[in-house]
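Colleague: Could you walk me through this one step by step? I am new to reading structures and would love some questions to think about.

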Amino acid sequence: MSYKTIIEDNIDILVVGAGLGGTGAAYEARHWGRDKKVIIAEKANIDRSGAVAQGLYAINCYMGTRWGENNPEDHVRYARMDLMGMVREDLAFDMARHVDSAVHKFEEWGLPLMKDPKRAELPEGDLGKGAYMREGRWQIMIHGESYKPIVAEAAKVNADKTFNRIMVTHLLMDDAQDNRVAGAVGFNVRTGNYHVFKSKTVVVGAGGASNIFKPRSVGEGAGRVWYAPWSSGSAYGLLIEAGAKMTQMENRIVLARFKDGYGPVGAYFLHLKTYTQNAYGDEYESKWFPELAERVGKAYLDTENQHFSHKPIPTCLRNHAFISEVAAGRGPIHMVTVEAFQDPHLEEVGWENFLGMTVGQAVLWAATDIDPKYINPELTTSEPYVMGSHATGCGAWCSGPEDISGKIPEYFWGYNRMTTVDGLFGAGDSVGGTPHAFSSGSFTEGRLSAKAACKYIDDGKAEGINVSQKQIDDRKEQIFKPLETYTVGRNEIVGGTVSPSYILPFPGLQRLQKLMDEYAGGVTVQYMTNDKLLNMGLHKLKILEEDLEKVGAEDIHQLLRAWELKHRHRTSECVVHHTLFREETRWPGYYYRGDKMKLDDENWHVLTTSQRDRSTGEYKMEKQPLYHLVGDAEK
Amino acid sequence: MPTFVYMTRCDGCGHCVDICPSDIMHIDKKYRRALNIEPNMCWECYSCVKACPHQAIDVRGYADFAPLGHSVRVIRDEEKGTIAWKIKFRDGREKNFLSPITTKPWGSTIPDFRNEAEPTAEARNSELLAFEPESIRLDDGGLHTLESNNLELIEGVYY
Ligand SMILES: Cc1cc2nc3c(=O)[nH]c(=O)nc-3n(C[C@H](O)[C@H](O)[C@H](O)COP(=O)(O)OP(=O)(O)OC[C@H]3O[C@@H](n4cnc5c(N)ncnc54)[C@H](O)[C@@H]3O)c2cc1C
Ligand code: SF4
Ligand code: SF4
């Protein structure tokens with residue numbers, strides 16, 4: 001192919017993917033590395049890229065330590081309960097102790113944070129619960145349509161250069177020292193040029209994975225998924241291929257959302273105080289809990305004492321009730337909005353919540369004449385997503401901060417948020433074991449990574465990096481191969497999309513989704529799987545991988561889709577290995593192991609990790625200890 | 001569709017192409033106007049709609065569940081710092097909303113660290129991030145640590 005090779009050399013910190021995590025990294029890197037070369041390589045345009053492209057109506061992680069509301073350990077308790085015991089408490093505590101400073105900066109930069117009029121009038125000392133409008137204990141409300149352009153500004157001002165429209169396909173490895181990163185490569189989706197970034201450290205913030213399971217939407221609507229269709233699992237694909245240890249990849253998330261539009265329900269439940277009922281107007285949730293408590297145990301679902309203990313009911317268990325009620329034939333489940341929407345203020349919040357975050361839901365209601373003031377809309381459970389910053393903890397196994405994790409060898413190897421590959425850091429969805437970080441926490445993790453990356457360089461750890469010409473040339477050939485495959489194969493046939501020698505990216509994606517859905521517990525099988533199905537799934541993924549060697553791309557845009565598909569495939573493979581390894585149903589409502597329906601704390605109160613061998617492709621699965629730093633006493 | 005472009009309004013300026021996070025707004029070679037080349041990869045995120053200076057882009061709900069005859073239009077005004085929405089139901093009812101998008105003039109408030117004082121060596125070796133600890137509590141309180149919060153790591157368990 002005749003595409004130019006463009007080399008950017010001597011980079012100190014390369015930020016791959018500048019969503020909320022990546023922008024935080026670029027911003028902070030400049031503070032600690034005044035003289036360092038900071039470069040962003042982003043697949044889209046950082047002004048509107050990533051999960052926050054549409055905007056958000058809430059910041060879901062804000063402690064309010066300033067107002068005496070919560071301490072970091074409170075958040076650890078909450079996240080741990082929601083994840084049925086499983087979080088990296090060192091990382092969660094660390095994120096929570098810094099997150100407020102990010103939110104205060106966002107406000108300084110112009111993000112309109114809503115104020116609680118009742119509280120704002122009180123004198124400073126009497127603010128009690130704080131002046132920001134609380135949606136819930138951890139969430140504050142914002143007018144966040146321009147959240148992303150505002151934080152992108154912070155990254156652009158402080159980076160040396162932002163390369164938009166670069167699909168990063170692989171990380172570069174150091175040829176001088178094993179297991180050390182040396183940059184990344186990719187191609188420009190507009191010009192087709194091959195880009196080589198030689199860098200001492202890399203912060204990967206390339207986002208979670210939507211569309212690896214068959215979506216509920218079909219045909220023209222297939223892009224209507226809750227997590228953005230451009231979240232192609234690159235954060236995982238890039239890291240797994242580089243040999244980084246991954247954790248919690250079995251912890252895929254299923255969300256209860258407004259049907260078809262996937263409008264989020266958070267503001268509805270928390271601020272509007274709406275509630276759900278089955279098709280016959282009955283409360284159904286609590287009915288399913290006694291049976292479920294048998295399976296998960298009192299530590300996670302104390303049916304008798306729940307309203308004394310105020311322990312939140314884990315999100316997955318509420319899903320379980322939803323799924324069971326629908327399976328029992330009493331669906332659909334409705335959100336009761338007609339009461340709340342009689343209040344004009346709440347009605348406005350209800351609509352603006354979508355306009356600022358999930359416009360598709362407003363479009364759907366307009367198209368179907370559903371005004372929630374008069375009709376209670378339907379809810380649904382989504383297809384599963386793999387991501388590490390929402391209520392799930394998928395991602396890389398990372399080092400914690402020295403003052404918290406320093407004495408634990410399994411949790412600490414010197415640099416905060418560094419993966420098990422030297423010089424390779426994560427942020428947001430790419431960091432494992434830190435659920436409930438959300439947008440503000442992802443930005444914070446980016447900041448933590450960048451500071452640690454500067455230290456890594458200053459400590460001389462990146463000396464003597466060498467990238468051979470062969471590595472650069474081999475990657476180039478590999479990246480552009482789908483164009484070659486198409487050009488050659490295209491001549492064999494009259495036309496159309498069906499060829500005996502290549503598959504196009506979209507049918508390839510559909511094949512991946514079908515097999516993940518059917519073998520790894522997607523919507524069409526009620527999130528159910530077992531060891532036999534998972535093993536068959538792995539076999540089929542292997543064959544799909546062989547076929548992906550023959551993926552064809554008609555143009556540069558399809559080349560983008562081809563590489564997104566490969567990252568999704570790698571992510572899926574890792575998910576299946578993890579799901580097979582954890583021999584229990586830890587999160588009923590996210591997925592069920594039909595052969596191991598019970599939660600088994602005796603054998604599985606542990607974190608799981610995997611590591612893919614770079615040369616053989618074999619996965620090594622391990623259990624890792626779960627250290628608790630916070631007691632159970634709820635405050 | 002979900003986004004589509006009105007032939008008579010588009011002048012091919014490319015703002016939508018520049019912004020679409022999914023890389024699906026492209027300029028048609030023959031007509032020299034924009035189009036959505038891959039509707040099934042569109043999130044209806046409205047980034048392109050907001051960016052179009054001629055309001056040439058519209059959205060028609062996804063065909064797998066949305067009937068025809070509705071519209072959700074938007075005008076995002078950077079200078080005023082507001083965004084205005086007009087929702088038209090299939091049966092003709094309308095709803096209008098207006099929200100702020102920023103409280104500060106664009107590009108005026110983000111510090112370029114190159115112009116700020118160098119961080120101290122002590123800060124570099126601590127767990128603090130830029131502007132911390134002041135920016136956390138907005139008082140003199142320090143960063144939370146295990147010691148300050150009386151926490152201790154409890155031994156992990158291997159099975
Ligand atoms: C509908 C919705 C509602 C949400 N609601 C809330 C809420 O109310 N409050 C809240 O706090 N959080 C909310 N979240 C969650 C929040 O948006 C995410 O937690 C956060 O954005 C994750 O940050 P990230 O940096 O990991 O990923 P992202 O922000 O998704 O960024 C990933 C970036 O990587 C880029 N990229 C991907 N692949 C590549 C590649 N191969 N090469 C180069 N670049 C690449 C992408 O273009 C993108 O810019 C919501 C998310 C969604 C989708
Ligand atoms: S709505 Fe969003 S995804 Fe769809 S074409 Fe416009 S910018 Fe792209
Ligand atoms: S931004 Fe509007 S006018 Fe410009 S190319 Fe796109 S549709 Fe046409």
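**A walk through two sheets and a helix**

Modeller: Happy to! Let us start in chain B, where Arg76(B) stands opposite Ile83(B) in strand 6 of chain B. Keep in mind that this is a predicted model.

Colleague: How many bridges pair strand 5 of chain B with strand 6 of chain B?

Modeller: Strand 6 of chain B covers residues 82–88. Its pairing with strand 5 of chain B is antiparallel. The number of bridges is seven.

Colleague: Which strands stand at the edges of that sheet in chain B?

Modeller: The sheet is open and has three strands in the order 5-6-7, paired antiparallel. Each edge strand has a single partner strand, so one side of it is left without a neighbour in the sheet. The edges are strand 5 (71–77) and strand 7 (94–100) of chain B.

Colleague: Which strands of chain B does helix 12 of chain A touch?

Modeller: Helix 12 of chain A spans residues 359–367 and packs on this sheet. Its direction makes about 140 degrees with that of strand 5 of chain B. The strands touched are strand 5 and strand 6 of chain B.

Colleague: Now to chain A. What is the strand order in the open sheet of four strands?

Modeller: The pairing is antiparallel. Strand 14 (395–396) and strand 19 (619–624) of chain A each have a single partner strand, so they stand at the edges. Six bridges join strand 18 to strand 19 of chain A, and Thr609(A) stands opposite Glu622(A) in strand 19. The order is 14-9-18-19.

Colleague: At what angle does helix 18 of chain A run to strand 19 of chain A?

Modeller: Helix 18 of chain A lies across strand 9 (246–247), strand 18 and strand 19 of chain A. The angle to strand 19 of chain A is about 50 degrees.

Colleague: Why are the buried residues of helix 17 of chain A on the same side?

Modeller: The buried residues include Leu534(A), Leu541(A) and Leu548(A). They are on the same side of helix 17 of chain A because they cover an arc of only 125 degrees around the axis. On the other side, Lys532(A), His539(A) and Glu546(A) are exposed. What covers the buried residues includes helix 16 (505–520) and helix 18 (556–581) of chain A.

Colleague: Which residue caps the N-terminal end of helix 17 of chain A?

Modeller: Helix 17 of chain A has 18 residues and reaches 25 Å, close to the 26 Å expected. At its N-terminal end, a side-chain oxygen lies 2.9 Å from the backbone nitrogen of Lys532(A). The capping residue is Asn530(A).

Conventions
Residues numbered from 1 in each chain as written. Chains lettered and ligands numbered in written order. Predicted model: local features only at pLDDT ≥ 70, side-chain atom pairs only at ≥ 80, totals over all residues. Heavy atoms only, no water. Expected span 1.5 Å × (residues − 1). Buried < 20%, exposed > 50% of the residue type's maximum accessible area, 1.4 Å probe, protein only. Arc of directions from axis to C-beta. Contact = heavy atoms within 4.5 Å. Polar contact = N/O pair within 3.5 Å; in protein donor to acceptor, adjacent residues only side chain to side chain. Pairing = 2+ DSSP bridges. Axes fitted to C-alpha atoms, helices over the stretch in contact; angles between N-to-C directions.
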